[in-house]
Amino acid sequence: ISFGCNNFCSYCIVPYARGREESRSEAEILKEIDKVISDGYKKVLLIGQNVNSWNKDKFYQLLEKVAQKDLEKISFVSSNPWDFSDKLIEVIAKYPNIDRLIHLPLQSGDDEILKKMNRRYTSQEYLDLVKKIKAKVKGVRFSTDIIVGFPTETEEQFQNTVKVCQKVDYEIAYLNKY
């Protein structure tokens, strides 16, 4: 549903390789979804480098329109924690056909490393978001992305990431060695 990214995380090439974020039009997306439904599909996956910043943070509106269609399952990836709004949480909670496995990249559980990564949240803000989602979305589960061995990362900083992982209890974690 979108291409490129505006975030410029220090480890990521996407804004340079794919350019600034561009959202496809709502009409085009909904037309494509109607087509796959008419072809017999019951599941869709909405994809963007930062899917929840689609159309200047109106992803929750698109997701609600998609959830009202004759679909058994709607999934989306990837989300950035700083763009995961209360409105998005409300839409997910409201529609049981929206996947309860939410991909929410952590990258690191250490605030100093997060800052070096140019991620705009702290580990506590991340945990607060997870807690908020868990409180509102019954049966929610989480998957994540984590980078280990980021330049200057110490054993203590790595252990901070381990602690966040233990608190969230991810169902799936994609681990990458820097």
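**Close-ups of Asn7 and the whole chain**

**View 1. Asn7 is a buried residue.** Its relative accessibility is 8%, so Asn7 counts as buried (under 20% relative accessible area, with over 50% being exposed and anything in between partly exposed; 1.4 Å probe, protein chains only). You'll find Asn7 in the loop between β1 (2-3) and α1 (14-17); helices (H or I, at least four residues) and strands (E, at least two) are DSSP runs, numbered from the N terminus. Keep in mind that this is a predicted model, where local features need pLDDT of at least 70, side-chain atom pairs need 80 or more, and totals for chains, interfaces and linings use all residues. Residues are numbered from 1 along each chain as its sequence is written, and side-chain values use heavy atoms, with hydrogens and water left out.

**View 2. Asn7 and Arg120 meet through their side chains.** The two side chains share a polar contact of 3.4 Å (a pair of N or O atoms within 3.5 Å; within protein, one must be able to donate a hydrogen and the other to accept it, and residues adjacent in sequence count only if both atoms are side-chain atoms).

**View 3. Here are the contacts of Asn7.** Skipping neighbours within four places in sequence, Asn7 touches Asn50, Asn80, Trp82, Asn118 and Arg120 (contact means heavy atoms within 4.5 Å).

**View 4. Zooming out, the protein chain has 8 helices and 7 strands.** Buried residues account for 46% of its 178 residues. Of the contacts between residues at least 6 apart in sequence, 74% link residues at least 24 apart. The C-alpha trace spans about 55 × 35 × 25 Å along its principal axes.
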